[in-house]
Amino acid sequence: MKIFNYFSKLKIRDKILTIFLLILMLYIGNILYSFNCLGIVSKNFEQIYNDRMLSITLLLEADRDAYQSRLQIIEVIGLGMAEDAFTANQVDVKAKEMMDNLHQIEDRFSRFKNTYLSSGGENFNEFTVFEKNFNLVKSHSENINNLLLAQKIDDVNKLYAGDYVRDFDQMRAAIEQLN
């Protein structure tokens, strides 16, 4: 009540000035609050970018490396099926490229998984499916290389068309689900 009595005794000019100052203080408080909220939102966007988007980039790169590895196997099989006998050196070069791609898949997927899980992502079953099938694909790739060096083209074709393609497709399906 004392405030109202004090306010009623003020001149009109002082009353308007007091109201204006009160509105100005509320406005400045609102601006400060908005800047604080913008800072919080900015940090959240930065975290989303650093954790989720960069991890997805790693996953997409692992996916690309998987296809490159598969193409290397197809090229190696093509060398083996050529009319002229292929040299062990030709197979070794392609096998090295294939294994490099497999190592890149493993590295990038591992970095994706670590980044994704450390940022609060859920540990999906697809991680296990990928790892199981990746190890099978890696083993099949090594077996294909050894069979090619032994020039057992029929065995290479059976392994590739059967177990390799099946396990590769399951590995790829896990990547697709994680995307």
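**Exercise 1. Are Asp 65 and Arg 108 buried or exposed, and which elements does their salt bridge link?**

*Solution.* Start with accessibility: Asp 65 is buried, and Arg 108 is buried as well (buried means under 20% relative accessible area, exposed over 50%, partly exposed in between, with a 1.4 Å probe and protein chains only). For Asp 65 the relative accessible area is 0%.

Next, take the distance. The closest N and O atoms of Asp 65 and Arg 108 are 2.3 Å apart, and the two form a salt bridge (a side-chain nitrogen of Lys or Arg within 4 Å of a carboxyl oxygen of Asp or Glu).

Then place the partners: Asp 65 lies in helix H2 and Arg 108 in helix H3, so the pair ties together parts that are 43 residues apart in sequence. Helices here are DSSP runs (H or I, at least four residues; strands are E, at least two), numbered from the N terminus.

A note on the model before going on: it is predicted, so local features need pLDDT of at least 70 and side-chain atom pairs count only at pLDDT 80 or more, while totals for chains, interfaces and linings use all residues. Residues are numbered from 1 along each chain as its sequence is written, and side-chain values use heavy atoms, with hydrogens and water left out.

**Exercise 2. Which residues do shared salt bridges join into one network with Asp 65?**

*Solution.* First, look at another partner: Asp 65 also forms a salt bridge with Arg 64, with the closest N and O atoms 3.4 Å apart. Arg 64 is partly exposed, at 41% relative accessible area.

For comparison, try a pair elsewhere: Arg 166 bridges to Asp 167 at 3.1 Å between the closest N and O atoms. Arg 166 is partly exposed at 42%, whereas Asp 167 is buried at 2%.

Now collect the network: salt bridges that share partners join Glu 61, Arg 64, Asp 65 and Arg 108. The salt-bridge count comes to 13.

**Exercise 3. How many aromatic pairs does the structure hold, and why is the pair of Phe 109 and Phe 130 stacked?**

*Solution.* Searching the whole structure gives eleven aromatic pairs (rings of Phe, Tyr and Trp, the last by its six-membered ring, with centres within 6.5 Å; planes under 30 degrees apart count as stacked, over 60 as edge-to-face and the rest as tilted).

Apply the angle: Phe 109 and Phe 130 have ring centres 3.7 Å apart and planes at 20°, so the pair is stacked. Phe 109 lies in helix H3 (residues 88-118) and Phe 130 in helix H4 (residues 125-149), so the pair ties together parts 21 residues apart in sequence. Both residues, Phe 109 and Phe 130, are buried.

Repeat for a second pair: with centres 6.0 Å apart and planes at 50°, the rings of Tyr 116 and Phe 127 are tilted. Tyr 116 in helix H3 and Phe 127 in helix H4 are eleven residues apart, and both are buried.

Finally, join the rings: one aromatic cluster is formed by Phe 109, Phe 112, Tyr 116, Phe 124, Phe 127, Phe 130 and Phe 134.

**Exercise 4. How many helices and strands are in the protein chain, and why is it described as more spread out than a compact globule?**

*Solution.* Count the elements: five helices and zero strands. Then compare radii: the radius of gyration is 32 Å, well over the 16 Å that the globule rule gives for 179 residues, so the chain is more spread out than a compact globule (taken over C-alpha atoms; the rule is 2.2 Å times the number of residues to the power 0.38). Lastly, check the extent: the C-alpha trace spans about 110 × 30 × 20 Å along its principal axes.
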